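Please examine the sequence and the structure shown below. The paragraphs that follow explain selected parts of the model.

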Amino acid sequence: MLLLNSRARLVFYVHVRTRMWSILRNKTATATTMTCFFLAHSLPPPLFSALFKPSPPPTPQIHRSLLLLLRLLLCQGFPGAGWGPAIRSFCSRSDRERRAMADRLEGFCDPSSISYLTQREAAEIDENLMGPLGFSVDQLMELAGLSVATSIAEAYKASEYKRILAICGPGNNGGDGLVAARHLFHFGYKPCICYPKRTPKPLYTGLVTQLESLRVPFLSVEDLPSDLSSEFDILVDAVFGFSFHGAARPPFDDIIRRLAGMRKSDQANKKSPAIVSIDIPSGWHVEEGDVSGEGIKPDMLVSLTAPKLCAKQFRGPHHFLGGRFVPPPIAEKYNLRLPPYPGTSMCVRIGKIPQVDISSMRENYISPEFQEEEVEAHPIKQFRKWFEEAVAAGLREPNAMALSTAGKDGKPSSRMVLLKGVDEDGFVWYTNYESQKARELSENPWASLLFYWESLNRQVRVEGSVEKVSNEESELYFHSRPRGSQIGAIVSNQSSIVPGRQVLHQQYKELEEKFSDVNLIPKPKHWGGYRLKPELIEFWQGQQSRLHDRLQYCPQEVDGRRVWRIVRLAP
Ligand SMILES: NC(=O)C1=CN([C@@H]2O[C@H](COP(=O)(O)OP(=O)(O)OC[C@H]3O[C@@H](n4cnc5c(N)ncnc54)[C@H](OP(=O)(O)O)[C@@H]3O)[C@@H](O)[C@H]2O)[C@H](O)CC1
Ligand SMILES: Cc1cc2nc3c(=O)[nH]c(=O)nc-3n(C[C@H](O)[C@H](O)[C@H](O)COP(=O)(O)O)c2cc1C
Ligand SMILES: Cc1ncc(COP(=O)(O)O)c(C=O)c1O
Ligand SMILES: [K+]
């Protein structure tokens, strides 16, 4: 095995780094050579010698892996002394995983790096899936339709884009539209269907029956409202897919003209519905795209299996890929380069998320009214009620709260902490007694807490004075934490400057060893809890038109007793 001394390594490092982009762009064999040097220190010897032999040249698969590795190194930067393990870990993964790693690091899938299918390839893949590969059309259509529905749900929230019209054609593309509409119904949208040329096969009649049982309305072409823009938020174009040929015949020619024309006339004044095309923007040539330039200009394209050639011309903001069913034989046979699906998702975005206009981002809160008559007399009881509802709604960390403090200079600072207990005495969290927040609290005990439970449209504000909890309480809580967090608390001189992550790891390792035989890790003196005793609690429930409900509790003396007065505040 070739050993490089540190100087040689440095030379290669600089050399490769400066030449990296051009190597990647040209995808020349130099990439292989360079990477081989790079790998010299890091690869398991058999793999290295297999790669390093000048002839025969590396197989296309190895070559591709090396290019991916270069991309990865480029994105990550060179991890210095740590690059050996990083590369080794990369090399131990499957080709697919490597590709996914590189893509994840780049944060998106570059449209120019993926495969596009011809019409013939698309039809052939379909035949292969439904022939030798054992799929049924029902299965593929179900998965395709689900992909479309999940893509729509990712780009267009049901709270804003509820009313959907799915226009379905006579073939499988139309079937995908019917399936998507069913899933969208279950996702909380309100779909309608226009399905003028029904196919009398059990698959399609079944899909129609399923939608009818959900009371999804079917509209004839004649029944379509003259102004689609005011009636619908999304128009799903499921008219034609990859088997489209020639010029569209009635009644679809007219429907496609309406979709294409709508874009133009609506641009000037009002919000027009989003047009979502399934697999192919209907009317486009499957390979050449919008030949006349007068065709549909969809806002979203959901390509199925792999994008067809016409998708290269798609200019809308949302291009998704769906149809997560491609088995390796197909991917290999057609040399498919496709973005990896994240986690368990049925769809993946192609290209970058479009830039958003921040000033236009807003939610309209729709919630049940929050009335004086229904609230608890005691704010802690009311807090517990809302907290339990936040837990029941499946919120992640409903106990996360923003804590705001201000020291003697009066300058406020905020950070998140975790609520660890709440009762009549107040709200408890744990932290480092030498942190910034602790310093500020020692100078000024007044602080505020803020909870935001987004999916419930709820906010709770709490203000009051803060005291440390007893040492016994802190001890008890400290030892209930996972051992790693206990050691972490010892390692971290919270809010002080650290020279690097490595220092923390080193100290952590040393302490882990030190305490390996110790049952009880001692709580550092400078770690413990605080309790905020509320002087004011406000419950906020978001409502439409910004006319929110705000009920505020503040304490009052009545006959020498402390009682809570509830007032409503203007939103
Ligand atoms: N593997 C996959 O990716 C899967 C994709 N699916 C979806 O299926 C379509 C392809 O479906 P297919 O049925 O082959 O074709 P179309 O939906 O495009 O439509 C064919 C019908 O349209 C008629 N047609 C064709 N051209 C015209 C025209 N110019 N005017 C009017 N009508 C036209 C055609 O009739 P013909 O008489 O011309 O043959 C057919 O009736 C794919 O794009 C995906 O969306 C599957 O759901 C799952 C697997
Ligand atoms: C969700 C969440 C929960 C947190 N919980 C705590 C906590 O309970 N205690 C804590 O000391 N820091 C917690 N942190 C870290 C703090 O936000 C903060 O970085 C740290 O306490 C230092 O703050 P300071 O320098 O203002 O004192 C949490 C951060 C997040 C995002
Ligand atoms: C620095 C720090 N301390 C304490 C906590 C609270 O953690 P635990 O639930 O383990 O007490 C957190 C939580 O994020 C934290 O980041
Ligand atoms: K279509």
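**A guided reading of the model**

Histidine 186 has its place in helix 9, which comprises residues 172-186. The model in which it appears is a predicted one. The relative accessibility of histidine 186 is 54%, and therefore this residue counts as exposed, since exposed means over 50%. Between histidine 186 and leucine 214 there are 9.3 Å in space, C-alpha to C-alpha, although the two are 28 residues apart in sequence.

Consider next helix 7, residues 119-130. At 1.5 Å a residue, its twelve residues should span 16 Å, and the end C-alpha atoms are 17 Å apart, which agrees. Which residues of helix 7 are buried? They are Ala122, Ile125, Asn128 and Leu129. Because these residues cover an arc of only 125° around the axis, they lie on the same side of helix 7. Arg120 and Glu127, on the other side of helix 7, are exposed. The buried residues of helix 7 pack against helix 8 (137-155) and helix 13 (328-333).

The final topic is the potassium ion (ligand 4). Its coordination is provided by Asn173 (OD1), Asp237 (O), Phe240 (O), Ile278 (O), Ile280 (O) and Ser282 (OG), at 2.6 to 3.0 Å. Phenylalanine 240 lies in the loop between strand 4 (234-238) and helix 12 (252-267), whereas isoleucine 278 lies in strand 5 (residues 274-278), so the pair ties together parts that are 38 residues apart in sequence. Phenylalanine 240 is buried, with a relative accessible area of 13%, and isoleucine 278, at 0% relative accessibility, also counts as buried. Why is the arrangement around the potassium ion (ligand 4) irregular? The six donor atoms subtend angles of 72 to 162°, which makes the arrangement irregular.

How values were computed:
Residues numbered from 1 in each chain as written. Chains lettered and ligands numbered in written order. Predicted model: local features only at pLDDT ≥ 70, side-chain atom pairs only at ≥ 80, totals over all residues. Heavy atoms only, no water. Helix = DSSP H or I, 4+ residues; strand = E, 2+ residues; numbered from the N terminus. Expected span 1.5 Å × (residues − 1). Buried < 20%, exposed > 50% of the residue type's maximum accessible area, 1.4 Å probe, protein only. Arc of directions from axis to C-beta. Contact = heavy atoms within 4.5 Å. Donors = N, O, S within 2.8 Å, 3.2 Å for Na, K, Ca; no water. Tetrahedral: all angles 85-135°; square planar, octahedral: opposite > 155°, others 65-115°.
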